[in-house]
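Biologist: I should like to learn how to read the features of a structure such as this one. Where should we begin?

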Amino acid sequence: MLLARLSWAYLKRHKLRWALTVAGVALGVAVLVAMRLANRAVLASFHRTVDGIAGRTELQVHAGDLGFPEEVLERVQAVPQVRAAAPVIEAALDTGLPGQGYLLVIGVDMTGDRSLRDYDLESGEEAIIEDPLVFLAQPDSIMVTREFAQRNGLEIGSRIPLGTAQGTRWFTVRGIMRSGGLSQAFGGNLAVMDIYALQYVLGRGRRFDRIDVALQEGVSLAEGQRALHEALGPGFEVEPPAARGRHFEAILRSFSLTLNITSLFAMLVGVFIIYNSFAIAVTQRRTEIGILRALGATRGRIRALFLGEAAVAGSLGSVAGAMAGWLMARWIAGYVARLLQEVYGVVQNVQTAPAEPGMLAASAGLGVVVSLIAAWIPAANAARVDPVRALQKGKYQVLSAGETRARWWLSAGAAAAAAIFLWLGQSLVLFYAGYILAILAALLMTPALALWLARALRPVLAWLRPVEGALAADSLIQAPRRTSATVAALMLSLAMVIGFGGVARSIYNSLVEWVNTTLNPDLFVTPNAEIANRTYVMPGEVGSEIERIPGVRQVQLVRSARIPYRGTPVLLVSAEVSKLAETVPRRPLEGDLDDMYRRTAAGQATIVSESFARLRGLRLGDVVELPTPQGLLRLPIAGITRDYSDQQGTLLIDRSLYRQWWADDSVNVIRVYLAPGASAEEVKRQILERCARGRRLFVLGNQEVRRYIFRLADQWFSMTYNQIAVAILVAVLGIVNTLTVSITDRRRELGILQAVGGFKRQVRHTIWMEAVAIGVIGLVLGLGLGAISLYYSLEMTRRDLAGLSLDYVFPLPLAAWLAPVILGAALAASLWPAETAVRGSLVEALEYE
Amino acid sequence: MSKAATWLLAASFFAQDARQIVEEAQRRSRADSERYEGTLEVIDARGRKSRKRWVYRRLGSHGDSKAIIRFTEPAEVRGVALLILNHPERASDQWMWTPATQRERRIALQDRSTRFFGTDFSFEDLEERDVNQYDYRLLGEETIEGAACWKIESRPRKTRASQYTHSILWIRKENYTFARIENYVREELVRRANYREVHNVQGIWTPRLIEMQDLRRNSRTILRLEKLEYNVPMKESDFTLQALRREF
């Protein structure tokens with residue numbers, strides 16, 4: 001009880017620091033909760049959509065985004081183990097309705113699809129479609145969910161606009177689905193159309209995206225899969241609907257990992273803030289601790305006192321953080337969904353971030369545990385306080401020689417182990433263990449390095465301001481403990497920022513080179529408003545029409561789509577490779593430029609991206625087996641190049657092979673090169689005039705596409721900017737805390753300075769300089785650890801995330817930008833403590849004397 | 001003769017008798033071809049009515065025939081057609097043609113149990129019931145709407161895929177026309193067809209009104225046969241997918 005009173009009294013005296021400590025926990029928990037909830041919301045939304053659409057589907061037959069010819073349906077229906085098989089096409093179409101965004105339109109064969117899906121779960125009595133025959137007979141028929149209808153004031157007979165391959169067309173609502181099941185998918189922004197009408201609307205030709213299958217009674221999934229594989233051959237994937245979730249997760253893997261790293265990073269930062277606060281509290285209260293120990297308080301009681309305070313701070317921060325995280329999650333989920341749509345072309349309708357009580361409680365619990373762990377060392381130190389030494393002011397802050405030596409040895413051991421793990425080879429476990437050990441080594445060395453740097457800074461500070469500079473530097477030198485946690489937090493934050501920022505910069509540099517080499521046509525003709533979107537396709541004959549336009553030197557037809565390869569979706573790009581060889585001198589990382597283009601153009605080989613090869617351990621000459629509706633297409637790798645079209649990897653094949661093996665003539669991009677002197681504007685006008693009648697068509701200039709690509713890159717790297725923001729916040733919180741303690745510690749010293757004639761501005765300058773010095777030390781150590789972190793981040797990108805080997809380029813512009821920001825933040829953080837110092841009572845400060 | 005043997009003999013006699021009755025009904029309704037204009041009235045559970053018209057043409061008879069149903073009214077569905085190729089040894093092949101999309105679609109066997117475009121008939125109900133695809137058992141005699149009938153149970157043979165577990169047929173003794181068919185899924189009665197307004201058309205007794213009730217949905221569809229003609233000259237080539245596309 002007495003101890004609780006003491007805690008309360010201390011808390012009342014240091015409300016702001018307590019608030020900052022609680023804010024540190026809250027920040028960590030909030031970011032963790034927000035990121036995880038947002039990630040879950042996106043995944044849950046996808047799973048909900050998959051489950052809702054799947055209905056009673058047990059297995060799905062698909063061949064990636066390219067689909068397959070209709071004939072496959074009869075082969076599936078003829079399999080004896082199959083009870084029902086229904087073809088499906090899915091596309092997210094722009095509704096054109098204000099605020100509604102995309103509408104997921106599912107094309108099904110309405111004559112028989114109900115054997116797999118319920119459209120009117122709540123009641124079988126009321127016809128949900130006004131007239132099923134009219135629905136089928138009229139290709140503008142559409143059935144929407146009750147939620148969508150209510151949101152938009154639609155009823156039977158209402159008309160809605162949708163973007164189609166023929167431009168914007170109006171559709172008539174001829175059915176409204178009741179709530180539940182299917183209508184829950186895609187946040188209710190879901191519609192059903194007749195599959196043959198949707199084929200026409202999307203310009204897909206006689207192809208289906210997939211076939212949903214229900215098995216005969218008593219047939220197991222494994223038996224069904226086996227039977228369908230035997231009937232269809234290796235060109236098709238036969239999987240339960242849940243596998244689509246796995247594919248989606250595979251696409252999002254690197255993104256999810258970035259979110260997780262960001263949230264862990266935020267939590268780690270929280271640990272440092274708490275550690276810092278409690279280390280400071282122990283320092284400030286060592287007299288109080290000494291008195292308590294002298295009065296008979298046991299070490300355990302002293303430890304319990306601080307751990308109890310940590311538990312309270314942790315609980316308050318965790319609860320506040322969990323609530324803030326939940327509120328932030330919805331906004332972040334929307335942001336993530338937009339990012340996915342732009343970067344991956346995967347449209348998701350994330351309307352809510354569900355409040356998962358279990359997850360919120362676990363995160364809050366983690367916040368409390370992390371608070372206790374972070375406070376453990378300061379609490380243990382408090383318990384070890386010698387009552388006699390406790391009264392010797394200032395001494396406690398000094399690092400003992402033995403302590404420094406022990407840290408050196410531990411640090412050297414960790415660094416050596418990290419180096420050995422790195423040297424040992426390709427094991428990801430050892431690689432990540434090495435990364436953690438390298439950070440640990442740096443953290444252990446922080447107090448000693450901070451001390452060394454403070455000493456190195458002393459002459460500079462003294463030269464700038466002889467009195468204030470010397471005092472500021474001495475404060476840091478005499479009490480390295482006080483600043484080491486702040487410096488460590490700052491160092492860690494900056495190291496992470498440099499690591500991620502460096503990777504971003506390396507990718508950006510490579511991206512610029514790739515864009516300059518690859519995306520060099522004058523015009524791009526596409527049926528999709530965004531070039532990464534592949535919903536709409538157009539017939540190859542459009543290319544011939546464009547070729548006849550005066551001023552056009554060459555057109556290149558491209559069809560790209562994701563296909564499954566060894567269980568993950570990869571991007572297949574089919575193009576006229578002989579033409580690409582003339583216009584895109586893409587320097588191979590492995591292979592010979594002329595040979596790779598020659599063999600690929602002849603349909604004898606494929607050119608793969610570095611990421612495709614590395615993520616799957618493939619080398620030049622290895623044979624890849626591509627699943628096609630005709631069977632497996634086996635092609636040796638003739639060249640490995642850098643390509644940023646898809647994170648999971650890209651394969652380039654000749655268009656002739658695509659037409660032959662996929663029986664499809666469609667294209668989604670036409671690359672247009674102009675003759676010398678031709679006007680891009682005039683050619684664009686002519687393309688639109690000749691080819692866009694009754695057809696959805698966009699003609700994009702080279703600069704427009706470049707801007708689009710770099711906008712995507714910027715969006716992707718926006719996570720890095722968020723991390724920079726968090727790092728700066730950490731810096732401010734840490735420095736404010738440190739300086740507050742510094743002033744409390746040095747109240748006597750500052751009092752004497754003022755008593756012997758020192759000006760208030762001198763006191764202010766001292767504190768400002770101390771703050772800037774902490775910033776400089778953190779910055780130097782942060783950039784140093786950042787250089788190491790960048791190496792690991794690049795290796796992580798190469799070995800685990802994207803298979804890209806990027807050049808090590810230290811992000812000097814980022815470092816140059818960070819320096820004034822961090823120093824400015826440090827200075828700003830010192831303003832309030834400096835004012836507190838000069839406004840304090842001189843009598844109170846000198847009472848000891 | 002033991003009791004068991006007597007019972008088996010009796011059962012065999014009745015079974016043969018039931019088959020003979022159905023065979024006779026089939027024989028009496030045989031025609032080389034058939035054409036009529038049908039009016040469909042669907043009355044849903046809430047009493048709401050919708051009306052459509054079609055033209056029906058059939059070439060061949062029982063189990064080996066070809067038929068086309070082409071909708072003529074209302075305007076939104078005009079031209080939509082269904083081609084049915086019946087086979088004696090297996091289920092029929094069916095295709096639907098929608099002129100607006102210029103596409104035919106195959107109606108898969110699995111889909112035959114679904115409703116025929118919002119009516120109370122299923123696609124299977126539009127197939128012909130060839131006598132050789134079922135096993136029969138005479139259950140007795142009953143009067144249906146004033147007409148004395150044989151009551152016969154029919155069960156599809158293994159070669160005949162059907163949504164129904166069994167059906168109960170009532171055949172009028174007077175003219176061997178169907179008076180009623182009740183279709184069961186396991187023990188649940190799901191559809192009931194009543195055959196009324198029996199007229200002699202070109203020597204063939206034919207019900208001109210068929211009322212199909214869907215007992216699960218509590219709705220019914222009334223099909224009236226108008227301008228009915230038998231043995232009308234028709235060509236094989238008029239019952240193909242090409243003809244389905246061409247005729248509209």
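Modeller: We begin with pairing: two strands pair if DSSP finds at least two bridges between them. In this predicted model, strand β16 (residues 606–609) and strand β18 (residues 631–641) of chain A are joined by 4 bridges and run parallel. Within this pair, Val608(A) stands opposite Ile640(A).

Biologist: To what sheet do β16 and β18 of chain A belong, and in what order do its strands lie?

Modeller: Strands of a sheet pair through backbone hydrogen bonds, either parallel or antiparallel. Here the sheet is open, has 9 strands and mixed pairing, and follows the order β17-β18-β16-β19-β15-β14-β21-β12-β22 (chain A). At its edges stand β17 (623–628) and β22 (698–701) of chain A; each has a single partner strand, so one side of each lacks a neighbour in the sheet. From one strand to the next the twist averages 30°.

Biologist: Which strands does helix α20 of chain A lie across?

Modeller: Helix α20 (residues 593–601) lies across β16, β18 and β19 (650–654) of chain A, and runs at about 160° to β18(A).

Biologist: What is the strand order of the sheet that contains β1 of chain A?

Modeller: That sheet is also open, with 9 strands in the order β6-β7-β5-β8-β4-β3-β10-β1-β11 (chain A) and mixed pairing. Its edge strands, β6 (159–164) and β11 of chain A, each pair on one side only. The twist here averages 35° from one strand to the next.

Biologist: How do the side chains of a strand such as β1 of chain A point, and are they buried or exposed?

Modeller: In a regular strand the side chains alternate between the two faces of the sheet. In strand β1 (residues 59–62) of chain A, Leu59(A) and Val61(A) point one way, Gln60(A) and His62(A) the other, and all are buried.

Biologist: Which partners does β1(A) have, and through how many bridges?

Modeller: Strand β1(A) runs antiparallel to strand β10 (residues 210–215) of chain A, with 4 bridges between them. Leu59(A) has Val213(A) as its bridge partner in β10(A). Strand β1(A) is also antiparallel to strand β11 (residues 237–239) of chain A, through 3 bridges, and there His62(A) stands opposite Glu237(A). Val213(A) is in addition the bridge partner of Ala85(A); β3(A) and β10(A) pair in the antiparallel sense over 6 bridges.

Biologist: Which helices pack on these strands?

Modeller: Helix α7 (residues 221–232) of chain A packs on the sheet and touches β1, β10 and β11 of chain A, its direction making about 20° with that of β1(A). Helix α6(A) lies across β3, β4 (102–108), β5 (141–145), β6 and β8 (190–194) of chain A, at about 100° to β8(A).

Biologist: How many residues does each chain bring to the contact between chains A and B?

Modeller: The size of an interface is often given as the accessible area lost when the parts come together. Here we may count residues instead: 23 come from chain A and 22 from chain B. On the chain A side, β3 (82–94), α4 (132–137) and α6 (195–202) each supply at least two residues, and α4(A) gives the most, with 5 residues. By class, this side has 12 nonpolar, 6 polar and 5 charged residues.

Biologist: Which residues of chain B have an unusual backbone?

Modeller: Most residues other than glycine have a negative phi, and most peptide bonds are trans. In chain B, the peptide bond from Glu73(B) to Pro74(B) is cis, with omega near -5°; Pro74(B) lies in the loop between β3 (66–73) and β4 (81–85) of chain B. Arg186(B) has a positive phi, near 55°, and lies in the loop between β10 (178–185) and β11 (188–201) of chain B. Because Arg186(B) has 8 C-beta neighbours inside 10 Å, Arg186(B) counts as exposed. Lys227(B) also has a positive phi, of about 50°, but lies in strand β13 (residues 219–230) of chain B. With 9 C-beta neighbours inside 10 Å, Lys227(B) counts as exposed.

Biologist: Where in chain A is the pLDDT below 50?

Modeller: Where pLDDT is low, the predicted coordinates should not be read in detail. The mean pLDDT of chain A is 80, and 83% of its residues reach 70 or more. Below 50 are residues 120–127 of chain A, a stretch with 17 contacts in the model beyond near neighbours in sequence. The pLDDT is also below 50 over residues 394–399 of chain A, where there are 18 such contacts.

Conventions
Residues numbered from 1 in each chain as written. Chains lettered and ligands numbered in written order. pLDDT = per-residue confidence, 0-100. Contact = placed C-beta atoms within 7 Å. Buried ≥ 20, exposed ≤ 12 C-beta atoms within 10 Å, placed from the backbone. Nonpolar A, V, L, I, M, F, W, Y, C, P; charged D, E, K, R; others polar. Axes fitted to C-alpha atoms, helices over the stretch in contact; angles between N-to-C directions.
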